[in-house]
Amino acid sequence: RVLGTEDRELEGPRLRQAVVRLILEGALHPGLATRIRDRLEAWALARRLGTAGLLRADTSGLEEGPTGTDVASHLQARLETLGLEAGEEVELVDPEDLLPPGLPFWVQDVLDRDYPRRVDLHEAVYRVRYDLKTRRAVLFLESGSRRAAPARRLLPRFPGFKISVEANGTTFDLG
């Protein structure tokens, strides 16, 4: 038996949790979760490459950027820092305020040129995973019709890494 119901607006931690869930699902600020994930992953990769001595750029200041790659934790912390407490404040939160800072441009330039996380060759798009232990950059076919591995000259340099391509259940070592 229901003796009564009451509608109340979310506030405080429950409101922040709901906003995080809506952003992750794409119902609020579509695409923002992907942008946050990309930036967090770029910071993590830059730190890993810098620690391994592979990043040929000034890495000072990388320790001051965001840590971790968990989008939900990042959003939760940002909403708390911004002081989101009441439902009517949600409209005041600009999506740009929720993004982690970008990498310093000189580090981002080196990542984009030598250590991209995605490689687009027009007929195929690859997602790149870096294994620092084996010093291997593995390209996974994400989309496209390419059946054979791309020519080495078409790929970024990946200094300090051997290159493998995984596509359609086949692994190609490019050296």
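**Helix crossings, a pocket and a cavity**

Visitor: How do H2 and H3 sit relative to each other, parallel or perpendicular?
Guide: H2 and H3 are roughly perpendicular to each other (65 to 115 degrees; under 35 is roughly parallel, over 145 roughly antiparallel, the rest oblique). Their axes cross at roughly 105° and come within 10 Å. Axes are fitted to C-alpha atoms, over the stretch in contact, and angles between N-to-C directions run from 0 to 180 degrees. Helices are DSSP runs of H or I with at least four residues, strands E runs of at least two, numbered from the N terminus.

Visitor: Which residues make that contact?
Guide: Ala33, Ile36, Arg37 and Leu40 come from H2, and Val71, His74 and Leu75 from H3 (heavy atoms within 4.5 Å). By class, the residues of the H2 contact with H3 are 5 nonpolar, 1 polar and 1 charged. Asp, Glu, Lys and Arg count as charged, Ala, Val, Leu, Ile, Met, Phe, Trp, Tyr, Cys and Pro as nonpolar, and the others, Gly among them, as polar.

Visitor: What kind of model is this?
Guide: It is a predicted model, where local features need pLDDT of at least 70 and side-chain atom pairs 80 or more, while totals for chains, interfaces and linings use all residues. Residues are numbered from 1 along each chain as its sequence is written, and side-chain values use heavy atoms, without hydrogens or water.

Visitor: And the confidence, what is the mean pLDDT?
Guide: The chain averages 92, and 100% of its residues reach 70 or more (pLDDT is the predictor's confidence in each residue, from 0 to 100). Helix H3, residues 71–82, has the highest mean at 97, and strand S5, residues 170–173, the lowest at 86.

Visitor: Back to H2. At what angle does H2 cross H5?
Guide: Roughly 85°, with the axes of H2 (32–51) and H5 (105–114) coming within 11 Å. That makes H2 and H5 roughly perpendicular too. H2 brings Ala42, Leu45, Ala46 and Leu49 to the contact, and H5 brings Val107, Gln108 and Leu111. Of these residues, 6 are nonpolar, 1 is polar and none is charged.

Visitor: What volume does the largest pocket have?
Guide: About 340 Å³. A pocket is an open set of points on a 1 Å grid over the protein atoms alone, with protein on both sides within 12 Å along at least five of seven lines. Points join across faces, edges and corners, and volume is the space filled by probe spheres set on them.

Visitor: What lines the pocket?
Guide: There are 15 lining residues (an atom within 4 Å of a point), with Glu41, Arg117, Arg127, Val128 and Arg129 nearest the centre. H2 gives the largest share, 7 residues. The lining holds 9 charged, 4 nonpolar and 2 polar residues.

Visitor: How many cavities of 30 Å³ or more are there?
Guide: There is 1 (a 1.4 Å probe fits in a cavity but cannot get out). Its lining is Val19, Leu28, His29, Leu79, Leu84, Val90, Val93 and Leu98. That set is 7 nonpolar and 1 polar, with no charged residue.

Visitor: What is phi of histidine 29?
Guide: Near 55°, positive in a residue other than glycine. Histidine 29 is in the loop between H1 (12–25) and H2. Arginine 135 also has a positive phi, about 55°. Arginine 135 lies in the loop between S2 and S3 (136–144).
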